[in-house]
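User: Please take a close look at the part where the protein meets the DNA. I'd also like to hear how the protein chains come together around it.

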Protein chains: 2
Amino acid sequence: MLSMRAKYALKALIYLAKVRDQGPVLIGDIAASQKLPRKFLEQILLELKNLRVLKSRQGKSGGYLLAKEPAEIEMGQIVRVFNGPLALVPCVSVTAFEKCAECLDFDHCGVRRVMKKVRDITAEILDGTTLEAMVNIEASESDEASMMYFI
Amino acid sequence: MLSMRAKYALKALIYLAKVRDQGPVLIGDIAASQKLPRKFLEQILLELKNLRVLKSRQGKSGGYLLAKEPAEIEMGQIVRVFNGPLALVPCVSVTAFEKCAECLDFDHCGVRRVMKKVRDITAEILDGTTLEAMVNIEASESDEASMMYFI
DNA sequence: ACCATAACCTATTAATCCTATATGCTAAAT
DNA sequence: ATTTAGCATATAGGATTAATAGGTTATGGT
């Protein structure tokens, strides 16, 4: 399962993309409108800022805004940072590769081969879906229509 | 990431499928040959027995063996039992569906729609890969060849 | 210059989960 | 009867997660 941090990060980003022409948005506004715990969200937004995905202004009329075009922000990046590697086993991870301690035959391991398939397809979907696509998906009516936004 | 329990369960099952014509296999033999922690594996095998995936004999010349044909045992079932739902968000899970507490618009939620796609493809792969296929995958030389065993 | 505001940053908590081991019990074969 | 090997449960230690608290720093308005 995705961590709350990862899910909240995605929700906050989608919201910020939607209201992107309205200047800086308060943490409190994001939290209230998306029903996310305010202080917890604060940490997440800070991390997104350090990632250079968001930028911020302090003090009066401050708040957060996107630091990039929505089309340049990939779901895969956010999930990896906030939830860890996409891979289900370390030996199939691109970003955190590690051989299993109990590994007997790396090349022929069936678990590894199947999990690699799962990871590759997951990466294809998540890296191929940008924040821009997410906004479009939310605007569309049917799940079928939303499929068009995938690579 | 997959839990150790799930990974060990899969490895033990593949091993048992390979030596299936040799009668009951000792926990200690499975543990030693697959380099898995013996007592931890014991719990896992017991759970597999209660699932009716394995059967066992106690006492002298006892051990574990498959309770079904390898072609009838799906990877998806094992992963779900030992690792939890395949879904990355509860609102997209078939076996443990739950609406997110912070959900504002279920039908249009972009996170949900994308994660549903990921879940569906993951389920297609894991439910479409049987223990029999896993044994064949381990016997094959190239990763390309192993793709043939997927649905 | 001052003050209100809002983001920044760090520490801490409670709860849960994960991996693994320990211990005693029960069933079966010889 | 004895030995073997699985059955069952308890428990420990560690790691991770979700969330809150509290003080600090920057900034715009007056």
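Analyst: Here is a walk through the DNA-facing surface, one strand at a time, and then the protein pairing behind it.

A bit of housekeeping: this is a predicted model, in which local features need pLDDT of at least 70 and side-chain atom pairs count only at pLDDT 80 or more, while totals for chains, interfaces and linings use all residues. Residues are numbered from 1 along each chain as its sequence is written, chains are lettered from A and ligands numbered from 1 in the order in which they are written, and side-chain values use heavy atoms, with hydrogens and water left out.

To get your bearings, take chain A. Its secondary structure comes to seven helices and two strands, where helices (H or I, at least four residues) and strands (E, at least two) are DSSP runs numbered from the N terminus. Reading from the N terminus, the order is α-α-α-β-β-α-α-α-α. The C-alpha trace of chain A spans about 60 × 35 × 25 Å along its principal axes.

Now to DNA strand C. It is surrounded by 28 residues, and the closest are A:E42, A:S56, A:Y64, B:K39 and B:Q43; a residue counts as near if one of its heavy atoms lies within 4 Å of the strand. Of the strand C atoms within 4 Å of the protein, 67% belong to sugar or phosphate and the rest to bases.

The bases of strand C have some polar neighbors (a polar contact is a pair of N or O atoms within 3.5 Å; within protein, one must be able to donate a hydrogen and the other to accept it, and residues adjacent in sequence count only if both atoms are side-chain atoms). The side chain of B:Q43 puts an N or O atom 2.2 Å from a base oxygen of strand C. B:K39 has a polar side-chain atom 2.6 Å from a base oxygen, and A:Q58 has one 3.3 Å from a base nitrogen. The elements giving two or more residues to this surface are α3 (38-50), β1 (54-57) and β2 (63-66) of chain A, plus α1 (4-18) and α3 (38-50) of chain B. The largest share, six residues, comes from α3(A). By class, the surface near strand C divides into eight nonpolar, 10 polar and 10 charged residues; Ala, Val, Leu, Ile, Met, Phe, Trp, Tyr, Cys and Pro count as nonpolar, Asp, Glu, Lys and Arg as charged, and the others, Gly among them, as polar.

DNA strand D also has 28 residues around it, with A:K39, A:Q43, B:K49, B:S56 and B:Y64 coming nearest. Here sugar and phosphate make up 64% of the strand D atoms that come within 4 Å of the protein. On the phosphate side, the side chain of B:S56 has an N or O atom 2.7 Å from a phosphate oxygen, while a polar backbone atom of A:M4 sits 2.8 Å from a phosphate oxygen. A base nitrogen of strand D is 2.9 Å from an N or O atom in the side chain of B:E42. For strand D, α3(B) gives the most to the surface, with six residues.

So how do the protein chains fit together behind all this? A rotation of 180° with 0.0 Å of shift along its axis superposes chain B on chain A, with an RMSD of 0.1 Å (a least-squares fit on C-alpha atoms of residues with pLDDT of at least 70 in both). The two copies are therefore related as by a two-fold rotation axis. Both copies use the same surface, too: 100% of the contact residues of chain B recur in chain A, contact meaning heavy atoms within 4.5 Å.

In all, 49 residues of chain B touch 49 residues of chain A. The two chains bury about 4,300 Å² between them, 67% of it on carbon and sulfur atoms; that is the accessible area (1.4 Å probe) lost on putting the two parts together, summed over both. On the chain B side, B:M1, B:E102 and B:R113 lose the most area, together 17% of what that side buries.

Four salt bridges run between the chains, each a side-chain nitrogen of Lys or Arg within 4 Å of a carboxyl oxygen of Asp or Glu. In one of them, B:E102 pairs with A:K11, the closest N and O atoms being 3.6 Å apart. A:E102 forms another with B:K11, also with 3.6 Å between the closest N and O atoms. A:E102 lies in the loop between α4 (75-83) and α5 (110-127) of chain A and B:K11 in helix α1 of chain B, so this pair joins two chains.
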